[in-house]
Amino acid sequence: MEAATAAMVWFRKGLRVHDNPALDAARRGAGRLYPVFVLDPRYLRPDPAAASPGSARAGVARVRFLLESLSDLDARLRRMGSRLLLLRARDDVADAVCAALKDWNIGKLCFESDTEPYALARDKKVMDFAMASGIEVFTPVSHTLFDPAEIIQKNGGRPPLTYQSFVSIAGEPPEPLMEEYTELPPVGDTGEYELLPVPTVEELGYGDISQEEISPFRGGETEALRRMKESLQNNEWVAKFEKPKGDPSAFLKPATTVLSPYLKFGCLSSRYFYHCIQDVYRSVRNHTKPPVSLAGQLLWRDFFYTVSYGTPNFDRMKGNKICKQIPWSENEELLAAWRDGRTGYPWIDAIMIQLRKWGWMHHLARHSVACFLTRGDMFIHWEKGRDVFERLLIDSDWAINNGNWLWLSCSSFFCQYHRIYSPITFGKKYDPNGKYIRHFIPVLKDMPKEYIYEPWTAPLSVQKKANCIIGKDYPRPVVDHETASKDCRKRMGEAYASSRVDGNPIKGKPSNALRRKMSHDDTSNSPLLNY
């Protein structure tokens, strides 16, 4: 009887109290509740060889966001008479959880289900141990609107590969849990366990990060709910939200809600967000519809979760049946120039510097740099860009990040490879004076606006007056866009001609039928989700 009254809620994502079915189930009938989070060395172990401070898999900005989210969760639990039990895994998180289950005599284990390959292997190990030990296990689906496994089952055992087919199968998502509670069962005896305070970024041992800029986006459920409420207060803005409209150069006040990192860490429930959007829709006469609406963006998120869950090797080109096999180039120098914001194209470099400093940039900015690296200018493998985004983005999400790189590289979902973002004119139409560039690349702050997007064309006298000599203070372009983009189109055309989709060769530009099927171009329909 004593074991049956001890319950553990194991936090991984889902770092919130509201609409948290795992927490709700764990508290019910529990005499003692153990709210646990385990620090995972796979994501947090310092890597001195990384291109910027952090671990091999996470830059400082995302680590800080996670730690802020944990601190906020701990504070919210403490207000309910509980607290977050923070453990550190020596190597394997599953081993740490299994040891705690045994040592604390847990009778019920509750945690939110996860569909990422690493998480599936980790969770199976824990579930096998729990079931062998007679521990009741409850793993609700609450990170997404829908259960990806159910969608795939409804679609005959295969994931739907178009947004439209996904939406028609999915229907309306379940309602969020709206019950609020102010008290949780007391924390049980933890014995000899070392319970850690939430560490600082500095305490994790990433070296000297004193010069690292702190991202303006603070982690945690409190900030997530505040930001959501602020965004949804403007009914007209919500009703008229239409992707891809928005200014990718807006940085002091981004032209989106910036709720994607809060959804990634589960500080904000996607079902609760969707529910609140629907409340706004009911209060207005007209509103935009999926795929471009705000609710439509949440459906995009679930679409990628479903496809990724049902597609083996979704995160790579080889062995991925929905990915075109394209002979990408390997060029470490070009890759490093792109990653570090040294391409010589200020629009591209400013975006990559914002990514490094803030862990975030607007979705159209992401489109620009992803296209530039892959099919637009450098013809470098999308997996290389994916890895950089995965490490540096605070909203890095395995399913969405891989799905969008497949999309933007025209390796899957989208096939109009001849549509290429100009690294010069695309940014200029939003920000002709180059304020965004001047902020993130201070060496160019005095360059006249006529040359801010193409500083290599400025006469030497202008460069001297601006205190920025091209080739010395700021790099020359690493590729010539006109030549490189033509070469990329040619190589993509050859790859498409030799590739097969549904058994039929695709030659050159997509057919009219395919154009109708993919009715939106990549600037309107590609869902790099940072609404």
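## Cysteines without partners

Let's start with C267, which is buried, with a relative accessible area of 0%. Keep in mind that this is a predicted model. Could C267 be tied to another cysteine? A disulfide is a covalent bond between the sulfur atoms of two cysteines. For C267, the closest cysteine sulfur belongs to C276 and sits 16 Å away, so that's too far for a bond. To count as a disulfide, the two sulfur atoms have to be within 2.5 Å.

C371 tells a similar kind of story: it's in no disulfide, and the nearest cysteine sulfur, in C410, is 7.7 Å away. C371 counts as buried too, at 0% relative accessibility. Search the whole structure and you get 0 disulfides.

## Helix α13 and its surroundings

Now hop over to helix α13, which covers residues 332-339. Just at its start, a side-chain oxygen of N331 reaches to within 3.2 Å of the backbone nitrogen of E333. After the helix comes G341, and its phi is positive, near 70°.

Which residues of α13 are buried? They are L334, L335, A336, A337 and W338. What do these buried residues pack against? The list is α14 (346-358), α15 (363-376), α16 (382-392) and α17 (398-408).

## W338 and the cores

W338 deserves a second look. The largest nonpolar core has 142 residues, and F273 and W338 are the ones that touch the most other members. If you skip neighbours within four places in sequence, W338 is in contact with T343, I348, M352, V369, F372, L373, M378, G385, V388, F389 and W405.

There's also another core, lying apart from that one. This other core has 23 residues, including W10, A89, V93 and C98.

## A serine in a loop

Where does S52 sit? You'll find S52 in the loop between α2 (41-44) and α3 (60-78). Although it's in a loop, S52 is buried, with a relative accessible area of 9%. Setting aside neighbours within four places in sequence, S52 is in contact with R356, R391 and L392.

## What the record says

UniProt, in an unreviewed entry, places the feature "domain: Photolyase/cryptochrome alpha/beta" at residues 5-145. What does the chain look like over residues 5-145? In the model, that stretch is 40% helix and 17% strand. The C-alpha atoms at the ends of the stretch are 31 Å apart.

Key. Residues are numbered from 1 along each chain as its sequence is written. This is a predicted model: local features need pLDDT of at least 70, side-chain atom pairs count only at pLDDT 80 or more; totals for chains, interfaces and linings use all residues. Side-chain values use heavy atoms; hydrogens and water are left out. Buried means under 20% relative accessible area, exposed over 50%, partly exposed in between (1.4 Å probe, protein chains only). Helices (H or I, at least four residues) and strands (E, at least two) are DSSP runs, numbered from the N terminus. Contact means heavy atoms within 4.5 Å. A polar contact is a pair of N or O atoms within 3.5 Å; within protein, one must be able to donate a hydrogen and the other to accept it, and residues adjacent in sequence count only if both atoms are side-chain atoms. A nonpolar core is a set of buried Ala, Val, Leu, Ile, Met, Phe, Trp, Tyr and Cys residues joined through side-chain atoms within 4.5 Å. UniProt positions are given in the numbering used here, feature names are shortened, and annotations may be inferred rather than shown by experiment.
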